[in-house]
2 protein chains.
Amino acid sequence: MIQKLIQKIQKLEAPVVVGLDPMLNYIPDWITKRAFEEFGETLEGAAEAVYQFNKGIIDVIYDIVPAVKPQIAMYEQFGIEGLKAYQRTITYAKEKGLVVIGDVKRGDIGSTSAAYAAAHLGKVKVGGNFYYPFDEDFATVNPYLGTDGIQPFLDVCKEEKKGIFVLVKTSNPSSGEFQDRFIDGEKPLYEIVGEFVNKWGEQVMGEHYSYIGAVVGATYPKMGEVLRKLMPKTYILVPGYGAQGGQAKDLVPYFNEDGLGAIVNSSRGIIAAYKNEKYQSFGAENYADASRKAALDMIEDINSAVR
Amino acid sequence: MIQKLIQKIQKLEAPVVVGLDPMLNYIPDWITKRAFEEFGETLEGAAEAVYQFNKGIIDVIYDIVPAVKPQIAMYEQFGIEGLKAYQRTITYAKEKGLVVIGDVKRGDIGSTSAAYAAAHLGKVKVGGNFYYPFDEDFATVNPYLGTDGIQPFLDVCKEEKKGIFVLVKTSNPSSGEFQDRFIDGEKPLYEIVGEFVNKWGEQVMGEHYSYIGAVVGATYPKMGEVLRKLMPKTYILVPGYGAQGGQAKDLVPYFNEDGLGAIVNSSRGIIAAYKNEKYQSFGAENYADASRKAALDMIEDINSAVR
């Protein structure tokens, strides 16, 4: 799947992923109203609004970006109905040829991580049948529990030719509380985690890059530079561009000399673009067109800095 | 909710939680067969088997243990249908008066953690209505992203009078890869995380203990001793007893002098007791009675060591 992702990035000249993190207040009233008319002000109504909102965006970006990254928390908050919308979003995005990165940040001890890996990337056996429960192409994974929490994901990635992105250095302000702590007086924890990601990745190599990627926030470009060198064959998923403050010039160190090695996420900046002064002339009715324009602008912005 | 948990622990003289982590191979054939007859060898069939299995156990343990801890990964692996079984299990356990600890190990940056906190402990607003999507009493949370990933959980705990258990030192063999690393030449990462848990807990105090607990594995009793002193008002959820190797004598340091402060989990050792040589005379037909006996033995074993 890393091969497919890279090919799409190259073909579209767009190292960009659109985060589908639909808060209800991002969704235009006309969509919510229509969903509530059909299903009431219920979890089902909210989930329908979320899905229709996503569908509108997917329809206008699938030909310009390689991937989408639904954030499962934004669906899980609407319970079972929300998770159905998560599943429908994945299915629809894949139908449109998009690579789907499930931002699930799962991680646990061995047998439990194996269940998460099966849920999101693999299959489960029920009697004589096999089922792919959520079937994302990639998933994000939390490393705090160490190798035996990661290995089941590696095994499933190998079997299904899928991938994960392991949290190394996250984009949020307090990420440094633990991640930046100096270990043994030598180097910060995020470097130690980066070294493990590099090692884990050797088990599941694609042509030039591993199936095992890393998450490194755009908000910490100096750390990104160090991590880029430490994990030369690791694809880096970069959150934090745009709304969180990361700028295109900050992204340069995340890329390798081949022009590859990083894919930059934007969520709010794309999906809620119509609420941004810059794109508000589109109007709520044409929110998706605003998202397309914002995605094109982002691609141009990033390419102008990193190519 | 920490008050309710403590009161139940005291009344039942049982600092024990039963982990509802139903792998399909733990479930007696007669339950699976019946579920498959009704729903086929489908995700729905698997989920029904899981729920009926749980229900049988809940029916015979609700009067002897204070709490259950369903592990969401074991349900998530069966997709939407599995998550419905997770929800049904929570609802049924609460009807029986059990405290429910959702072992979800969620954690993300601010707004995303807020969505997880709403999903599992709080409520969401849809139009003019409020819904409690999964509505566990407690949830487990991963600390890797730092305070701004934890704060939304604290806020919801305050509002809903619920609680969380933050991963500090997990029970698995490779937990030390990151958690045991020495920070600034001074102390291991798990101690730093423990200090944060202690501090976070001050925001949401119950009578003697905070709503904010910690997970510390039974498999590392010396670390448990240090963490107990470091977090005097923190309830410790202790996994790793039984099948993972932790013994009753190892649990002593996890308790305070008031005889409180820790609750010990056993999953496989209780729910799959009928597969254990010691309890196999019960037979698969009476798997739940085997679980009850195993729970009673566990309570006696722990009390003999710690009281």
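Buried, in these notes, means under 20% relative accessible area. I'm working from a predicted model, so I keep that in mind throughout.

**Entry 1: Ser113 in chain B**

I started with a single serine. Ser113(B) sits in helix H6 of chain B, the run covering residues 110-120. Is Ser113(B) buried or exposed? I looked up its relative accessibility and got 0%, so Ser113(B) counts as buried.

Next I checked what its side chain reaches. I found the backbone oxygen of Asp108(B) at 2.9 Å, and the backbone oxygen of Gly149(B) at 2.7 Å. Then I listed the contacts of Ser113(B), skipping neighbours within four places in sequence. That left Gly107(B), Asp108(B), Gly149(B), Pro152(B) and Phe153(B). Asp108(B) and Gly149(B) turn up in that list too.

**Entry 2: helix H6 in chain A**

I moved over to chain A and its helix H6, residues 110-120. How many of the 11 residues of this helix are buried? I got eight, so H6(A) is largely enclosed by the rest of the structure. I wrote the buried ones down: Thr112(A), Ser113(A), Ala115(A), Tyr116(A), Ala117(A), Ala118(A), Ala119(A) and His120(A).

What covers the buried residues of H6(A)? From chain A, I noted strand S3 (99-106), strand S4 (124-126) and helix H7 (147-160) among the covering elements. Chain B takes part as well, with the cover including its helix H4 (73-76) and its strand S3 (99-106).

**Entry 3: the two H5 helices**

Here I looked at helix H5 of chain A and helix H5 of chain B, each spanning residues 79-95. Their axes come within 10 Å and cross at roughly 165°. Angles over 145 degrees count as roughly antiparallel, so that is how I describe H5(A) and H5(B) relative to each other. I also noted that their crossing is right-handed.

Which residues make the contact? On the H5(A) side I have Ile80(A), Leu83(A), Lys84(A) and Gln87(A). On the H5(B) side I have Ile80(B), Leu83(B), Lys84(B) and Gln87(B). Sorted by character, the residues of this contact come out as four nonpolar, two polar and two charged.

**Entry 4: Ser171 in chain A**

My last stop was another serine. Where is Ser171(A)? I found it in the loop between strand S7 (163-169) and helix H8 (176-179) of chain A. Its relative accessibility is 6%, so Ser171(A) counts as buried. Leaving out residues up to four places away in sequence, I saw Ser171(A) touching Gly217(A), Thr219(A), Tyr220(A), Pro239(A), Gly240(A) and Gln244(A).

How values were computed
Residues numbered from 1 in each chain as written. Chains lettered and ligands numbered in written order. Predicted model: local features only at pLDDT ≥ 70, side-chain atom pairs only at ≥ 80, totals over all residues. Heavy atoms only, no water. Axes fitted to C-alpha atoms, helices over the stretch in contact; angles between N-to-C directions. Helix = DSSP H or I, 4+ residues; strand = E, 2+ residues; numbered from the N terminus. Parallel < 35°, antiparallel > 145°, perpendicular 65-115°, else oblique. Left-handed = near helix turned anticlockwise from the far one by under 90°. Contact = heavy atoms within 4.5 Å. Nonpolar A, V, L, I, M, F, W, Y, C, P; charged D, E, K, R; others polar. Buried < 20%, exposed > 50% of the residue type's maximum accessible area, 1.4 Å probe, protein only. Polar contact = N/O pair within 3.5 Å; in protein donor to acceptor, adjacent residues only side chain to side chain.
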